[in-house]
Amino acid sequence: MGPKKRVSIRINGVNYLHEVEPRLLLIHYLRDVVGLTGSHIGCETSVCGACTVMLDGAAVKSCTVLAVQADGAEVLTIEGLAQGEDLHPLQEGFWECHGLQCGYCTPGMILSAYQLLLRRPDPTEEEIRRAVDGNLCRCTGYQHIVDAVQYAARKMKK
Amino acid sequence: MIPAPFDHITPVTLDEAIRALTSHGEEAKLLAGGHSLLPLMKLRLASPKLLIDLSKIPGLAGIRQEGDKMTVGALTTHYQIESSELLKEKCPLLPQTARVIGDVQVRNRGTIGGSLAHADPAADLAAAMLALGAELRVRGAQGERWLKAEEFFLDLMTTALSPSEILTEIRVPVLSGRCGTAYLKLPQKASGFALVGVAVWLRADGGLCADIGVGVTGLGAKPFRAVRVERHLRRKRLEPALIETASAEVTLRIEPLGDIHASAEFRAHLARLYTYRAIVEAARTAGISLTKAKGK
């Protein structure tokens with residue numbers, strides 16, 4: 001076992017301080033150490049995107065980031081999107097437009113869409129499809145996901 | 001999918017990183033964005049005892065112009081390259097290539113230096129480096145040296161970097177005059193890696209191809225510069241038939257890779273086809289009008 005390292009990570013606005021093994025992946029840190037199980041583990045090989053979170057404003061696959069690499073950083077997970085009882089427009093869009101069936105890919109899908117709307121508040125359909133290129137969904141056929149992101153973009157413009 | 005145990009350090013200067021690399025030798029690996037190294041470590045194909053994380057060293061990321069050259073720091077991410085207005089204007093082949101790497105999340109973390117030093121035989125940016133005749137700045141205990149992209153890639157995942165050297169920046173020319181560029185690839189459907197990718201820049205002089213660079217990835221054990229194709233087209237009037245003959249030379253003296261995704265024969269076919277298409281596209285963006293060849 002390698003020597004443990006101290007990490008200080010701000011997650012959804014809350015500061016956490018832990019001693020972790022350098023080999024601990026960010027997704028395992030979030031789920032097993034911090035207890036935030038909203039981010040899912042799918043393929044664990046940086047393909048499926050289920051573990052996508054925001055790391056200092058950039059969507060990343062947290063199965064391919066070490067917790068020690070997030071030291072000093074700010075992380076946003078699906079748990080940090082809603083404001084109290086009010087869903088984020090993206091969460092509302094996925095609800096209203098049936099952007100999910102089984103829901104396994106949804107947290108990652110929403111954070112990739114969140115990244116897109118930060119960079120392109122008014123995306124075209126092609127831009128939306130390109131933005132979720134790194135997120136696999138085996139239920140919806142993606143069309144309702146595109147609708148959900150368009151819903152959110154419209155709502156956030158108002 | 002958990003890597004073997006290792007230690008992790010975050011030097012804050014390049015000298016400190018080089019010292020750590022020198023004293024640990026082959027046991028240590030440099031960590032940039034981690035998007036080539038960490039997947040290998042999770043599969044236990046690589047089990048370094050020490051990761052030297054370069055992310056806290058200032059000055060290793062960024063894009064700037066220095067006279068007629070563009071300088072890109074080794075820790076610059078694919079997304080930073082893809083979205084750089086300066087590069088889109090001065091050397092568009094780089095953003096054109098970076099934007100088709102992996103997916104958004106990969107481009108947010110993956111770095112140009114990490115990708116080049118890893119030397120995957122199907123890495124996209126390697127093709128652009130070779131086409132542009134990029135120069136790579138390397139720092140080690142013995143000081144600094146510059147390597148040409150052509151000298152850098154030696155074999156499958158093998159570069160000219162010595163075990164204690166760090167790739168710090170990449171220099172490419174500012175493309176001035178009537179230049180056209182293109183990067184075309186056929187991605188493997190699941191991974192996005194290029195079965196074959198071809199990067200081209202060319203300078204037009206009327207209907208003539210005044211100069212041209214062609215870089216190829218995915219075809220052989222290492223990405224390479226298609227010198228024969230370039231020689232065939234330099235100072236020539238570009239016509240579809242001539243481009244087709246030139247493109248056929250891309251596979252000469254190359255042993256194409258074959259795997260479950262594409263046979264060697266299919267890769268060779270793709271290389272000829274994508275070389276043709278990339279040259280045609282680069283010619284088009286340079287403002288050279290070509291009559292359409294049959295069946296392309």
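**Notebook: a sheet in chain B and the A–B contact**

I began with a strand pair: β4(B) and β5 (residues 69-73) of chain B run antiparallel and share four bridges. Within this pair I found B:I63 opposite B:V72 of β5(B). I note that the model is predicted.

Next I traced the whole sheet. It is open, has five strands with antiparallel pairing, and follows the order β4-β5-β10-β6-β7 in chain B. I then looked at the edges. β4 (63-66) and β7 (143-148) of chain B stand there with a single partner strand each, so one side of each has no neighbour in the sheet. For the twist I read an average of 25 degrees between neighbouring strands, direction ignored.

I looked for a helix on this sheet. Helix α1 (residues 14-24) of chain B packs on it and touches β6 (135-140) and β10 (166-173) of chain B. The direction of α1 makes about 125 degrees with that of β10(B).

Then I turned to the interface. Chain A brings 35 residues to the contact and chain B brings 31 residues. The area buried between them is about 2,500 Å², and carbon and sulfur atoms give 54% of it. A:R23, A:Q69 and A:R130 supply 26% of what chain A buries against chain B, more than any other three residues.

I checked the polar side too. There are three salt bridges between chain A and chain B. One of them joins B:D7 to A:K5, with the closest N and O atoms 3.2 Å apart. I also counted 15 residue pairs in polar contact between the chains.

Last, I sorted the side of chain A that touches chain B. β4(A) gives the most, with four residues. By type I get 14 nonpolar, twelve polar and nine charged residues.

Methods:
Residues numbered from 1 in each chain as written. Chains lettered and ligands numbered in written order. Predicted model: local features only at pLDDT ≥ 70, side-chain atom pairs only at ≥ 80, totals over all residues. Heavy atoms only, no water. Contact = heavy atoms within 4.5 Å. Buried area = accessible area lost by both parts, 1.4 Å probe. Salt bridge = Lys/Arg side-chain N within 4 Å of Asp/Glu carboxyl O. Polar contact = N/O pair within 3.5 Å; in protein donor to acceptor, adjacent residues only side chain to side chain. Helix = DSSP H or I, 4+ residues; strand = E, 2+ residues; numbered from the N terminus. Nonpolar A, V, L, I, M, F, W, Y, C, P; charged D, E, K, R; others polar. Pairing = 2+ DSSP bridges. Axes fitted to C-alpha atoms, helices over the stretch in contact; angles between N-to-C directions.
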